[in-house]
Amino acid sequence: MRIVVISHVTLDGVMQGPGRADEDTRGGFALGGWAAERDGDEAVGRAWGRRLAASSGYLLGRRTYQEVLGHWNTQDSPFRDALNDAPKYVASNTLAEPLPWPNSTLLSGDVPAAVAELRRTPGDDLHIMGSGALVQSLSPLGLIDEYLLCVHPLVLGAGRRLFADGFGPVAFGLADATPTDSGVIIATYRPLGDHA
């Protein structure tokens, strides 16, 4: 299966706290909820829906696993059941089994080796949402096959970025790009190799 990152990002690459003001305030980040203005963008919803409908599950870091499932399990939403029913692979060297949410498998120790083994498993794409530290640890090893980025037309100037300082260089090929009425660009990128 392929490992695919699905993320909202700003023009300056910030991925921290897109959904809610209190979603991720690490480092004093006070700009959370920046994607909420475009929540009703039907093209973004369709793009995410198509991808997640053909999914073998999720690959998540510890913080995203706890935050996403903790939030959605308090909401009256069909997204809650979909998350609970889907297989979840959780990369963490601090969590212990049993994990709190159904269908969760802990990947600990040599996480990149465990992810490489998952990639050799037949199936649909395995999706990473959030989990910036996990993405940054896997990408330089060639373990991310594709990025579906919803690029929002704003610059925050602060916050955790998808590609932090020291990342790369890596060249990407553009597989698809769709502008939306809200100004978001839905772009699919694939790494071309180790260095630009």
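Mentor: Before we start, a residue is called buried when its relative accessible area is under 20%, and exposed when it is over 50%. The model above is predicted.

Trainee: Which residues of helix α4 are buried?

Mentor: In α4, residues 111-119, the buried ones are Val111, Val115, Ala116 and Leu118. What puts them on the same side of the helix is that they cover an arc of only 155° around the axis.

Trainee: What do the buried residues of α4 pack against?

Mentor: They pack against the strands β1, β2, β3, β4 and β5, and against the helix α5. Contact here requires heavy atoms within 4.5 Å.

Trainee: What makes Asp110 a polar partner of α4 at its start?

Mentor: A side-chain oxygen of Asp110 comes within 3.2 Å of the backbone nitrogen of Ala113. The cut-off for a pair of N or O atoms is 3.5 Å, so the pair qualifies as a polar contact.

Trainee: Now α1. How do you know that its length is what a helix of that many residues should have?

Mentor: Helix α1 covers residues 42-53, which is twelve residues, and the distance from its first C-alpha to its last is 16 Å. At 1.5 Å a residue the expected value is 16 Å, and the helix is close to it.

Trainee: Which residues of α1 are buried, and which are exposed on the other side?

Mentor: Ala43, Val44, Ala47, Trp48, Arg51 and Leu52 are buried. They lie on the same side of α1, because their arc around the axis is only 160°. Exposed on the other side are Glu42, Arg50 and Ala53.

Trainee: What covers the buried residues of α1?

Mentor: The cover includes five strands: β1 (3-10), β2 (55-61), β5 (125-129), β6 (146-152) and β8 (185-191).

Trainee: Why is Asp41 called a cap of α1?

Mentor: At the N-terminal end of α1, a side-chain oxygen of Asp41 lies 3.0 Å from the backbone nitrogen of Ala43. That distance falls within the 3.5 Å cut-off, so it counts as a polar contact.

Trainee: Let us go to the loops. Why is Gln16 called buried?

Mentor: Gln16 has a relative accessible area of 3%, and the limit is 20%, so the label follows. Gln16 sits in the loop between β1 and α1.

Trainee: What do the polar atoms of the Gln16 side chain lie close enough to for a polar contact?

Mentor: One partner is the backbone oxygen of Arg26, at 3.1 Å. Another is the backbone nitrogen of Arg160, at 2.8 Å. Both distances are within 3.5 Å, so both pairs pass the cut-off. Beyond its neighbours within four places in sequence, Gln16 is in contact with Asp24, Thr25, Arg26, Phe29, Trp34, Gly159 and Arg160.

Trainee: Is Ser139 buried or exposed?

Mentor: Ser139 is buried, at 9% relative accessible area. Its place is in the loop between α5 (132-138) and β6. With neighbours within four places left aside, the contacts of Ser139 are Ile144, Tyr147 and Phe167.

Trainee: What makes the backbone at Ser131 and Asn103 worth pointing out?

Mentor: Most residues other than glycine have a negative phi. Ser131 has a positive phi of about 55°, and Asn103 has one of about 60°; neither is a glycine. Ser131 is in the loop between β5 and α5, and Asn103 in the loop between β3 and β4.

Trainee: Why do their burial labels read as they do?

Mentor: Ser131 has a relative accessible area of 6%, under 20%, so it is buried. Asn103 has 44%, which lies between 20% and 50%, so it is partly exposed.

Trainee: Where is Pro98, and what kind of peptide bond joins it to Glu97?

Mentor: Pro98 is in the loop between β3 (88-91) and β4 (104-107). The bond from Glu97 to Pro98 is cis, with omega at about 5°. Most peptide bonds are trans.

Trainee: How do you know that the chain as a whole agrees with a compact globule?

Mentor: For 196 residues, the rule gives a radius of gyration near 16 Å, and the chain has 16 Å, so the two agree. The C-alpha trace spans about 45 × 40 × 35 Å along its principal axes, and 44% of the residues count as buried.

Trainee: How many helices and strands does the chain have?

Mentor: The chain has five helices and eight strands. Their order from the N terminus is β-α-β-α-α-β-β-α-β-α-β-β-β.

Key: Residues numbered from 1 in each chain as written. Predicted model: local features only at pLDDT ≥ 70, side-chain atom pairs only at ≥ 80, totals over all residues. Heavy atoms only, no water. Helix = DSSP H or I, 4+ residues; strand = E, 2+ residues; numbered from the N terminus. Expected span 1.5 Å × (residues − 1). Buried < 20%, exposed > 50% of the residue type's maximum accessible area, 1.4 Å probe, protein only. Arc of directions from axis to C-beta. Polar contact = N/O pair within 3.5 Å; in protein donor to acceptor, adjacent residues only side chain to side chain. Rg over C-alpha atoms; globule rule 2.2 N^0.38 Å.
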